[in-house]
Amino acid sequence: MTKIEVVFLGTSSATPTKRRSLPSVAIRREGQVILMDCGEGAQGRFVKFGLGLNREMLILITHLHGDHVNGLLGLLQTMGMSQRIRTLTVVAPQELFAWLKTTMKVLHIGLPFDLGFVPARSGVVFRGKDFRVRAARASHSIESWSFLFEELPRPGVFDPKKALSLGIPEGSKWSSLQRGRSVVVGGVRVHPRQVLGPERPGRSIGYSGDTRPTRRLAKFFAGSDLLIFDSTFASRDTDKAVERKHSTASEAAQLAKDAGVGRLVLTHFSARYKRADALLREAQRIFPQTVAAHDGLVLEVPTLQ
Ligand SMILES: [Zn+2]
Ligand SMILES: [Zn+2]
């Protein structure tokens, strides 16, 4: 089974601190990287954490506040200088593309690889070989999106005893059935569902970007294995969270509970909190399966079955 790791490159909001860099989170999966937001300096951390500059890659940008996007140009340029040749797709609010094109022209940046642009919209924004990414509107001070990475369901577990009882000899016909193709044995067609258990759901990872908690997002993230959510403020600063259109750690926890997710990761902490301990404690009182992200944190998303 494919290993999935989530690597936190930056966990601060708005400004960097001694301990935290600007927001950026990577999903690393079988040689693929899906980068969510790209705060200033992301390219350095990208190299430091060994994410690989020529991998199959997708970049998802939630919104166009500088702290989420200022690192993109540098990362693309470094990839270009590292002789990247694979096409790279960026999903982002439409205006990003004009900014990127103009800036690249002004700075005479030419890339040796193709850049694909997909404007963010509600619904599926990217389909990979065995995964997809969906987007939903977040609730922030400007156009902002939340993303959900979803592996496609895998075929059920193959039952060799059933196959033998149906007279199918071990070999290529077993492989065909395991891959979901029917076979003919002694003039009789055998369908994969006769020898495979129930389909196994894939894993899913949600990323809120900057947002207030909303019912739409609780629905969007329902049942996800891992949810990474805006936790800019502690609940004693709820008025600031409301005013600046962010969430508190408690609000993130309540949404995780309502959505029935497996685990919650708090991130995007305001520079006013030196440590995230208090935010973690208040969230865990509501949703115990919560961790607080820090720069360099690597979390594996386990396979449940
Ligand atoms: Zn932000
Ligand atoms: Zn923002």
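This is a short tour of metal sites and salt bridges in a predicted model.

**Stop 1: the zinc ions**

Select ligand 1, a zinc ion. Which protein atoms act as its donors? They are NE2 of H68, OD of D210 and NE2 of H268, lying 2.1 Å from the ion. Along the chain, these donors follow the spacing H-x141-D-x57-H.

Now add ligand 2, also a zinc ion. D210 bridges ligand 1 and ligand 2. The two ions lie 3.6 Å apart.

Color H68 and D210 next. H68 sits in helix 2, residues 66-69. D210 sits in the loop between strand 12 and helix 7. The pair links parts of the chain that are 142 residues apart. Are these two residues buried or exposed? H68 is buried, at 0% relative accessibility. D210 is buried too, with a relative accessible area of 2%.

**Stop 2: E151 and R29**

Leave the zinc ions and turn to charged side chains. Side chains of opposite charge can pair when their charged atoms come close. The whole structure holds ten salt bridges.

Select E151 and R29. Their side chains meet in a salt bridge, 3.2 Å from N to O. E151 belongs to strand 9 (residues 145-151) and R29 to strand 2 (residues 24-29), so the salt bridge ties together parts 122 residues apart in sequence. Check the surroundings of each partner. E151 has a relative accessible area of 8%, so it counts as buried. R29 is buried as well, at 2%.

Keep these two selected and add D130 and R203. What links the four residues? R29, D130, E151 and R203 are joined in a network of salt bridges.

**Stop 3: R212 and E251**

Select R212 and E251. This is another salt bridge, with N and O 2.9 Å apart. R212 is in the loop between strand 12 (204-207) and helix 7 (215-220). E251 is in helix 9, residues 249-259. The two residues are 39 apart, and the pair links distant parts of the chain. R212 is buried, with a relative accessible area of 16%. E251 is buried at 18%, because the cut-off for buried is under 20%.

**Stop 4: D277 and R275**

Finish with D277 and R275. How far apart are their closest N and O atoms? They are 3.6 Å apart, and the two residues form a salt bridge. Switch on the surface to look at both partners. D277 is partly exposed, at 38% relative accessibility. R275 reaches 52%, so it counts as exposed.

Key:
Residues are numbered from 1 along each chain as its sequence is written. Chains are lettered from A and ligands numbered from 1 in the order in which they are written. This is a predicted model: local features need pLDDT of at least 70, side-chain atom pairs count only at pLDDT 80 or more; totals for chains, interfaces and linings use all residues. Side-chain values use heavy atoms; hydrogens and water are left out. Helices (H or I, at least four residues) and strands (E, at least two) are DSSP runs, numbered from the N terminus. Buried means under 20% relative accessible area, exposed over 50%, partly exposed in between (1.4 Å probe, protein chains only). Donors are N, O and S atoms within 2.8 Å of the metal (3.2 Å for Na, K and Ca); water is not among the atoms, so sites may look incomplete.
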